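User: I'm new to reading protein structures and would love a close look at one small part. Could you walk me through it step by step?

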Amino acid sequence: VQAGEMLYLPALWFHKVTQSCETVGINFWYDMKFDSPNWCYFHLLQQMRPCVVGSSPIEDNERAHIISNGQVNADAPPREEHINTATAATTDDDDRDGENDEGDEIIQLPVLKYGYRTIRYTWADLKHIIEVERNVFRLSRSEEQQIVYERSKREMKRNWFSIYDLILHSKFGFKREIIACESKEEDNAGDKTGARAHATARPATRMVWKVTPSLSECKVAKTALVVNDFPYYTERNIVHFVLWKIGEDITAKDIEEARLQLLERAEVVDILYWENPRELRSLPGIEHIHFLCLTDGDK
């Protein structure tokens, strides 16, 4: 699609849109009539789950009973035995190691001690885990959420010089610029049918975003209190925030100011907060504290 053109997509058609430069796109919902059978089809799509390669219906049923009523079932089969993967169609040419022979993107989920969440955490579940057990290793996303997170993380690595650059831009408003960086790319050779004969690694240049100043150059303390982009599998009236800080360590005063700022919101009625142990930190180079807020409901 070129400048001044538009693309018409009938209701509920699958589509993926990418852009090679900064653009402004406008969506106009024209014929979204959710009458039968579109309404049934829409709900079918909402309920579809990513496949777990190599599992059987019995194994899926066992996984569904690993966590029940907010408690870990001691009799459930150990999750460590399951290696979870999911596939999603893609047309990207880079990161070929993450694709199968048909060109589908393979997402392998990390194995968690307590498994992925199958029912949403209630506020009572969270208070028990954080305040009584003090075991935040029990907190997790659902498998669907983790697949979205892993796919997003892969895209971040493709488009940014580092994940820290993305955080500094998206959370702290640092200026970004396009730079060329060297990466490895497979030089694939194949026969006339497209089959790969061999692959050799060679240096390649790709364009990525980078911020200025860099994280190591940040000397002035700054904080940012924002909604977590990839929250845990909680009930819908629970909102996950993260307090980020650069330039200095987070202090008790920072945490109290953030807590009061959240409580000033009319819909927040209770708050839990904690700092992840180092082995659970996705970005150990930037100090951050997690806040869970109960909104518009009973504690």
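Leaving aside its neighbours within four places in sequence, which residues is Y164 in contact with?

Analyst: Happy to help! Keep in mind that this is a predicted model. Once the neighbours within four places in sequence are set aside, Y164 is in contact with L215, L283, P284, G285 and I286. Take I286 from that list: 122 residues separate Y164 and I286 in sequence, yet their C-alpha atoms are 8.1 Å apart in space.

Now let's see where Y164 sits. Its home is helix 5, which covers residues 163–172. Y164 has a relative accessibility of 23%, so it counts as partly exposed; the cut-off for buried is under 20%.

Helix 5 also leads us to the largest nonpolar core, which has 19 residues; the members touching the most others are I167, L168, F172, F174, W244 and I246. At least two residues of this core come from each of helix 4 (143–159), helix 5, strand 6 (196–212) and strand 8 (238–246). Helix 5 is the biggest contributor, giving five residues. For a closer view, pick F172: beyond its neighbours within four places in sequence, F172 is in contact with I167, K222, T223, A224, W244, K245 and I246.

There is also a second, separate core of 13 residues, with L126, Y232, W274 and L292 among them.

Finally, have a look at strand 9, residues 268–274. Five of its seven residues are buried, so strand 9 is largely enclosed by the rest of the structure. Strand 9 pairs with strand 10 (residues 287–295) in the antiparallel sense, over six bridges. To find one of these in the picture, start at I271, whose bridge partner in strand 10 is C293.

Definitions and conventions:
Residues are numbered from 1 along each chain as its sequence is written. This is a predicted model: local features need pLDDT of at least 70, side-chain atom pairs count only at pLDDT 80 or more; totals for chains, interfaces and linings use all residues. Side-chain values use heavy atoms; hydrogens and water are left out. Helices (H or I, at least four residues) and strands (E, at least two) are DSSP runs, numbered from the N terminus. Buried means under 20% relative accessible area, exposed over 50%, partly exposed in between (1.4 Å probe, protein chains only). Contact means heavy atoms within 4.5 Å. A nonpolar core is a set of buried Ala, Val, Leu, Ile, Met, Phe, Trp, Tyr and Cys residues joined through side-chain atoms within 4.5 Å. Two strands pair if DSSP finds at least two bridges between them.
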